[in-house]
Amino acid sequence: MQRVSAKHSLKWRILFYMPIPIVLALFGTYRIGYAVNDWQTWYVENVFTGDRVDVSEEDADSALDSCAIAYESSNYTIYEAAGGLRHYVFHNVKSAGTPGEEIGYWLVGISQIVLTTLWIIGCLFVGGYIYYKREMEHSIKILLHSAEQITNNCLDFQMEKAKPNELGLVCDAFEKMRDSLSHTSQENFRILEERRRLNAAFAHDMRNPVTVLKGYADLLERYIPEQRISQEKELEIISMVQKQVLRLENYTKKMSELQRLEDIRPSCKTVEYRELLSLLTNTAKLLNEGVIVRTEEPFGKELSEKEKMTDFVCIDSELVLEVLENLLSNASVYTKDRIVLKIIRREHELELRVEDNGGGFSPEALRMAGSPFYREESGKNGEHFGLGLYICKLICQKCDGRLLPENGPDGVGGVVTAVFSLGGSRQYTDAASND
């Protein structure tokens, strides 16, 4: 716990201010005593007309023989003792005061006590006021202002520096509390913003699998009543629907466990490359019937049917589909009438390259591509929320890849390339497959 030095402590600093009320009280008491004595003299000389003695002359001669006579008249004599104290001796009963005048004289005498008490109280108040103004007022104002700001949920302020006393420690504690509340508020805001982005991304990505399922449902609804589809093809479509449903379940589970999009973790599995290629192609066609799909064989060489059957890659196919669907959805918004999907298999990477013949990316769009909620206003409709490229960029980075937006030749159309690492891909031989 931080301590205050004796030099700045409030309980010791008060000793520095105590001489002020003490000096004022002594000086005032001295002046009040003299004033009341003068008032008593005036009262005796001008008011007393009674018939009773104050002190007999015999008693006065013995008691006041050391006092000098200050005033003498036919009615009374004033003796002044050392220190200025005066005694009045009346010479006959007719010169003593009446009961009413005695009360008045008593009130004049008691006024010294009353005035002295009031003066001392006033001196203490003045000393305390000076002490408060110099040692406490500024710190208290800082605390009150800070409390008001915090009550109004305004935390982006800096508390002034107070004196290094006990109230200064309270101000320091208040500042630490404000800073802690500010960081907590910012963290809560960040969490809410992450949750908003996560919910928006979830809603955004749910549309694509639903579109695929609708496409499969339309195929079945269109061809089954007319018996224009073979049972084998029907079972294949049903199998694809089941895969999409399973994918939706996995995606929903994965998103429900996330606190923010950045927490996405790829779940790589070994899949047959031909099956992955077929899944990507069919999904692209269902999302956009007019998309042109082109593929390049692994490592730039032609493979035999046997090699194709034994070619496996290790990748999170669900995340790859998410990226593909977002790229195609994004291209559909900005293209004129042509979209080309290139699926390129390299030794350690898989590339999805989506090209359109729209207006291309503006310089600002190229700079901001991949930023959450950024979108250009040249799309065909207002349903594009600017999350597609952001999600793609995030997924590619999580898969040790990258997202490369650019313009086509001569600035015509946009081109977005998503690259995924295939660090776990392997070529399986017939023997390995049999094992």
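**Exercise 1. Two strands and their salt bridges**

Task: Decide whether R353 is buried, partly exposed or exposed in this predicted model, and find which residue meets its side chain in a salt bridge.

Solution: Begin with the accessibility of R353, which has a relative value of 24%. Buried means under 20% and exposed over 50%, with partly exposed in between, so R353 counts as partly exposed at its 24%. The next step is to look for the partner, and here the side chain of R353 meets that of E406 in a salt bridge, with 3.6 Å from N to O. This pair links distant parts of the chain, since E406 belongs to strand β9 and R353 to strand β8, 53 residues apart. E406 is itself partly exposed, with a relative accessible area of 34%. Finally, the pair can be placed in a wider setting, as K342, R353, E355 and E406 are linked in a network of salt bridges.

Task: Find which residue forms a salt bridge with R402, and explain why this pair ties together parts that are apart in sequence.

Solution: The side chain of R402 meets that of E349, at 3.1 Å from N to O. R402 lies in strand β9 (residues 402-407) and E349 in strand β8 (residues 349-356), so this salt bridge ties together parts of the chain that are 53 residues apart in sequence. As for cover, R402 is partly exposed with a relative accessible area of 34%, and E349 also counts as partly exposed, at 23%.

**Exercise 2. A salt bridge with a buried partner**

Task: State how many salt bridges a search of the whole structure finds, and then determine whether E272 is buried or exposed.

Solution: The search of the whole structure gives 13 salt bridges. One of them joins the side chains of E272 and R274, with 3.5 Å from N to O. For E272 the relative accessibility is 16%, and because buried means under 20%, E272 counts as buried. R274, by contrast, has a relative accessibility of 40% and counts as partly exposed.

**Exercise 3. A helix and the residue after it**

Task: Work out how many residues of helix α12 are buried, and describe the phi of D400.

Solution: Helix α12 covers residues 388-398 and is mostly covered, for 8 of its 11 residues are buried. The buried residues of α12 are G388, L389, Y390, I391, C392, L394, I395 and C396. Just after this helix comes D400, whose place is in the loop between α12 and β9. The phi of D400 is near 60°, a positive value in a residue other than glycine. Most residues other than glycine have a negative phi. In terms of cover, D400 counts as exposed, at 62% relative accessibility.

Task: Find where N153, another residue with a positive phi, lies.

Solution: N153 is located in the loop between α5 (137-151) and α6. Its phi is near 60°, and N153 is a residue other than glycine. With a relative accessibility of 60%, which is over 50%, N153 counts as exposed.

**Exercise 4. A nonpolar patch on the surface**

Task: Identify which residues form the nonpolar patch on the surface, and say which element gives the most to the patch.

Solution: The patch is formed by I20, L24, W119, I120, L124, F125, V126, Y129 and Y132, and together these residues have about 810 Å² of accessible area. Two elements, α2 (19-46) and α4 (99-135), give two or more residues to the patch. Of the elements, α4 gives the most, with 7 residues. To follow one member more closely, take L24, which lies in helix α2 and is partly exposed, with a relative accessible area of 33%.

**Exercise 5. The second largest pocket**

Task: Give the volume of the second largest pocket, and find which helix supplies the largest share of its lining.

Solution: The volume of the second largest pocket is about 420 Å³. Its lining is made up of 16 residues, of which G215, Y216, L219, K285 and L286 are the closest to the centre. The helices α6 (166-223), α7 (231-256) and α8 (273-287) each supply at least two lining residues, and the largest share comes from α6, with 8 residues. Sorted by class, the lining has 5 nonpolar, 3 polar and 8 charged residues.

Conventions
Residues numbered from 1 in each chain as written. Predicted model: local features only at pLDDT ≥ 70, side-chain atom pairs only at ≥ 80, totals over all residues. Heavy atoms only, no water. Patch = residues over 30% accessible without salt bridge, like charges linked within 9 Å, V, L, I, M, F, W, Y side chains within 5 Å. Areas by Shrake-Rupley, 256 points an atom, 1.4 Å probe, with all protein chains shown as cover. Salt bridge = Lys/Arg side-chain N within 4 Å of Asp/Glu carboxyl O. Helix = DSSP H or I, 4+ residues; strand = E, 2+ residues; numbered from the N terminus. Buried < 20%, exposed > 50% of the residue type's maximum accessible area, 1.4 Å probe, protein only. 1 Å grid on protein atoms, 1.4 Å probe; cavity = no way out; pocket = protein on both sides within 12 Å on 5 of 7 lines; lining within 4 Å. Points joined across faces, edges and corners; volume = space filled by probe spheres on them. Nonpolar A, V, L, I, M, F, W, Y, C, P; charged D, E, K, R; others polar.
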